[in-house]
Amino acid sequence: MIESRIPSRFARVALCVLATVVIVTPGLAAGDSVGGWAALVEGGHVALIRHGNAPPGYGGDPPGFKIDDCKTQRNLDELGREQARALGEAFRSHHVRVGRVLSSPWCRCLETAHLMAVGPVEKTWALVPDWEPSAPVRLHELTQLVSDWRGPGALVLVTHAFTVRALLGFLPTQGETVVLRPSAEGSGAADLVGLIATPR
């Protein structure tokens, strides 16, 4: 279910759906997991993953949270951890070669990436929503990461719902994977080729 409540600190991010940075071309039927897996197996594609289940589920963190203290943040519950492990197993069972894994520095994203266990995890602020939508520096950096990827293998990016919304114009569910094909020209454009449902 798409979340309807937006936390105070991330609220402004929803305004950052700008025509100049949306990189998706239309035409994909929702839930095309077959096409998504096929693209990831092929290599040279990007898996943009929203972190696993983290109650209460509508985004944001408690007031006064600290980025270097997981106890102060909204975190994965056991369902979210199971989803992350299952997603990693799905990558392995589909024989997806992973070239690089990047995660938002938030604990729920890092834990998702580590529990997937598909490769060493690097942190990047490019996967955190811009808090100042008038200057979407992170979004531009993320757009470049996606459009520049050529492999080998798949680029795995573990992020937040509002980062995906700013980039693509919709909110993925927790644990859902959005599969993108970077444009051949490297012009900042990409095709949405698959949506892989959250593991159950």
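**Loop contacts, helix packing and backbone geometry in a predicted model**

With neighbours within four places in sequence set aside, Ile67 is in contact with Gln73, Pro105, Trp106 and Trp125. These contacts are described here from a predicted model. Ile67 is placed in the loop that runs between strand S2 (46–50) and helix H2. Its relative accessibility is 33%, and Ile67 therefore counts as partly exposed, a class that lies between the limits of 20% and 50%. The C-alpha atoms of Ile67 and Trp106 are separated by 6.4 Å, although these positions lie 39 residues apart along the chain as a separation in sequence.

Pro105 is also among the contacts of a second loop residue, Thr124. Leaving aside neighbours within four places in sequence, Thr124 is in contact with Leu102, Ser103, Ser104, Pro105 and Glu141. Thr124 is found in the loop between strand S4 (121–123) and helix H4 (137–148). With a relative accessible area of 12%, Thr124 is buried, since the limit for that class is under 20%. The side chain of Thr124 also reaches the backbone nitrogen of Ala126, at 3.1 Å.The protein chain as a whole contains 5 helices and 7 strands. Read from the N terminus, its elements follow the order β-α-β-α-β-α-β-α-β-α-β-β. The chain has 200 residues, of which 53% count as buried. Among the contacts with a separation of 6 or more, 71% are accounted for by residues 24 or more positions apart. A further pair distant in sequence involves Ala86, a residue of helix H2. The C-alpha atoms of Ala86 and Thr198 are separated by 9.2 Å, and the two residues are 112 residues apart along the chain. Ala86 has a relative accessible area of 31% and is therefore partly exposed.

Two helix pairs were examined for their packing. Two packed helices are described by the angle between their axes and the distance between the axes. For helix H2 (residues 78–93) and helix H3 (residues 107–116), the angle is about 40° and the axes are 7 Å apart. The two helices are therefore oblique to each other, as an angle of this size falls neither under 35 degrees nor within the range of 65 to 115 degrees. The crossing in which H2 passes H3 is right-handed. On the H2 side, the contact is made by Arg81, Ala84, Arg85, Leu87, Gly88, Phe91 and Arg92, and on the H3 side by Glu111, Thr112, Leu115 and Met116. Sorted by class, the residues of this contact comprise 5 nonpolar, 2 polar and 4 charged.

The second pair consists of H4 and helix H5 (residues 161–168), which pack at an angle of about 75° with their axes 10 Å apart. H4 is therefore roughly perpendicular to H5, the range for that description being 65 to 115 degrees. Leu139, Leu142 and Thr143 of H4 meet Thr163, Ala166 and Leu167 of H5. The contact of H4 with H5 has 4 nonpolar and 2 polar residues, with no charged residues. Charged residues are thus absent from the contact of H4 with H5, whereas the contact of H2 with H3 has 4.

Several positions in loops have notable backbone geometry. Most residues other than glycine have a negative phi, and most peptide bonds are trans. Pro55 and Pro56 are joined by a cis peptide bond, with omega about 5°. Pro56 is placed in the loop between S2 and H2, the loop that also holds Ile67. A cis peptide bond also runs from Gly151 to Pro152, where omega is near 5°. Pro152 belongs to the loop between H4 and strand S5 (154–159).

Positive phi values occur at His95 and Ala117, neither of which is a glycine. For His95, phi is about 60°, and the residue is placed in the loop between H2 and strand S3 (98–103). At 66% relative accessibility, His95 counts as exposed, the limit for that class being over 50%. For Ala117, phi is about 55°, and the residue is placed in the loop between H3 and S4. Ala117 has a relative accessibility of 48% and so counts as partly exposed.

Definitions and conventions:
Residues numbered from 1 in each chain as written. Predicted model: local features only at pLDDT ≥ 70, side-chain atom pairs only at ≥ 80, totals over all residues. Heavy atoms only, no water. Axes fitted to C-alpha atoms, helices over the stretch in contact; angles between N-to-C directions. Helix = DSSP H or I, 4+ residues; strand = E, 2+ residues; numbered from the N terminus. Parallel < 35°, antiparallel > 145°, perpendicular 65-115°, else oblique. Left-handed = near helix turned anticlockwise from the far one by under 90°. Contact = heavy atoms within 4.5 Å. Nonpolar A, V, L, I, M, F, W, Y, C, P; charged D, E, K, R; others polar. Buried < 20%, exposed > 50% of the residue type's maximum accessible area, 1.4 Å probe, protein only. Polar contact = N/O pair within 3.5 Å; in protein donor to acceptor, adjacent residues only side chain to side chain.
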